[in-house]
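Reader: I would like a close look at a single part of this model, namely the sheet and the helices that pack around it. Please take me through it slowly, one element after another.

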Amino acid sequence: MILTEEAPFSAAFPFRLLSNTLVLADARTPVIARSGYAVCTIEYILHGSGFLEINGETFHPKADDIYFLHRRSTHRYWPSREQPWHKLCVVVDGPLAYELLRLYRLDRVYHLTEVPQLRKYFDALLVLSHSAPLLHHRAAVIFHQFVEHCFRLLHEPAAASAAPEVLALKKHLDRSLNVKFVLERYACDTGFSPAHLIRSFRAAFGIPPVEYLLRQRLDAARRLLQYTDLSIKEIASRLGFADSYHFSNYFKKHVGCAPSAFRRLRETDK
C-alpha cells in the first residue's frame, strides 16, 4: 500500500510514511541489492526467514525479528528458498525520521531478534488509511513510539539479565494481546509455579505479568482509537474482547473514560 498525504500544508512536515505493506516472498523472489539507499526501510518478519548483508555485516533474520535498511546503506537481502519470509514492510523518509533513529542510537542497528512486542507498531501503521487527514503526522507519533521501544529493548538492563522463563513469559504475553491469557494454565504448561513467575517477572520489569499484559492492551487500544478509523467493535475484536460492551467497560475502568469519549477528545486536540 503506497501512502500519500492529501493535506496541502503537510508538504513541509519533516516525516513521511512512504509505504506500509505486507510482503509475501516465495522461492523465486530474487536477491534485492542496493547501494546508497535513498530512504529507510524497516521490516518485521511474520513467518519464514531470509538473509541480509548490509554495510559489511551478515544476518539471518527469522520470524519475530526486525531488520533495518538504513538510508545511504549498501545492502543485499533475499528470502530463504526453503521457508521464504512473509514480512510487514515500512518505508519512511524525512529529517525527523532520521533524527529519531540517530537520537535513539538505532542508525547503526541492523537487526533485532525475537521482538514480537514491536509488531503492534507495524499493525498500527498498516491500518492507517492512505486518505486519512494528517497521515504523516499520525505516522510520526507511532514511529517515535516504535524507536523509543527499540531503545528500551536494547538498553534496559532488566531485560538483559532476566531469567529465561521470565523472558519466555514476556514473549508469550507480547503475543497474547488478542487472546485470553490465564497465568495458572501457562504456569502449569511450563512447569513453573504462578508465584515464582509473578515474583520473577515483577523483579525484572517492575510489574506483575497480568498488569503488563493489561498495559499492553490498553496502549494498543489507545493507538487504534487515536490513529485509525476502526470501529469500537472492530478494536474490541482485535484485542480479544468478547464484545464491544465488555471492551468499553474495561477501557473506562482503567483509562477513566469510554473509548468513544477518548476518541472524541483526541480528535478535538488535532
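Author:
**The sheet and its helices**

Helix α2, made of residues 119–126, lies across β1, β3, β6 and β8, and its direction is at about 70° to β8. The model is a predicted one, and what follows describes the arrangement as it stands there.

The sheet beneath this description is an open one of five strands, ordered β1-β8-β3-β6-β9, with antiparallel pairing. Strands β1 (16–24) and β9 (111–112) stand at the edges, each with a single partner strand, so one side of each has no neighbour in the sheet. At the β9 edge, strand β6 (residues 66–69) is joined to β9 by two bridges, and the two strands run antiparallel. Within that pairing, Tyr67 stands opposite His111 in β9.

Helix α1 also lies across the sheet, where it covers β3 (40–47), β6 and β8 (86–93) and runs at about 110° to β8. Strands β3, β6 and β8 thus appear in the description of α1, and they appear again in that of α2, together with β1.

From α1 one can pass on to the helix packing. Two packed helices are described by the angle between their axes and the distance between the axes. For helix α1 (residues 95–103) and helix α3 (residues 135–155), the angle is about 15° and the axes are 10 Å apart. Because an angle under 35 degrees counts as roughly parallel, α1 and α3 are therefore roughly parallel to each other. Their crossing is right-handed. On the α1 side the contact is made by Leu96, Ala97, Leu100 and Leu101, which meet Ala140, Phe143, His144 and Val147 in α3. Sorted by class, the residues of this contact comprise seven nonpolar, one polar and no charged.

Helix α3 has a further packing partner in helix α8 (residues 209–227), with an angle of about 165° and axes 11 Å apart. Since angles over 145 degrees count as roughly antiparallel, α3 and α8 are therefore roughly antiparallel to each other. The crossing of α3 and α8 is left-handed. Here Arg138, Val141, Ile142 and Gln145 in α3 meet Arg223, Gln226 and Tyr227 in α8, and the contact divides into three nonpolar, two polar and two charged residues.

Taken together, α1 lies across β3, β6 and β8 and packs with α3, while α3 in turn packs with α8.

Definitions and conventions: Residues are numbered from 1 along each chain as its sequence is written. This is a predicted model: local features need pLDDT of at least 70, side-chain atom pairs count only at pLDDT 80 or more; totals for chains, interfaces and linings use all residues. Side-chain values use heavy atoms; hydrogens and water are left out. Axes are lines fitted to C-alpha atoms, for helices over the stretch in contact, and angles run from 0 to 180 degrees between N-to-C directions. Helices (H or I, at least four residues) and strands (E, at least two) are DSSP runs, numbered from the N terminus. Angles under 35 degrees count as roughly parallel, over 145 as roughly antiparallel, 65 to 115 as roughly perpendicular and the rest as oblique. A crossing is left-handed if the near helix is turned anticlockwise from the far one by less than a right angle, and right-handed if clockwise. Contact means heavy atoms within 4.5 Å. Ala, Val, Leu, Ile, Met, Phe, Trp, Tyr, Cys and Pro count as nonpolar, Asp, Glu, Lys and Arg as charged, and the others, Gly among them, as polar. Two strands pair if DSSP finds at least two bridges between them.
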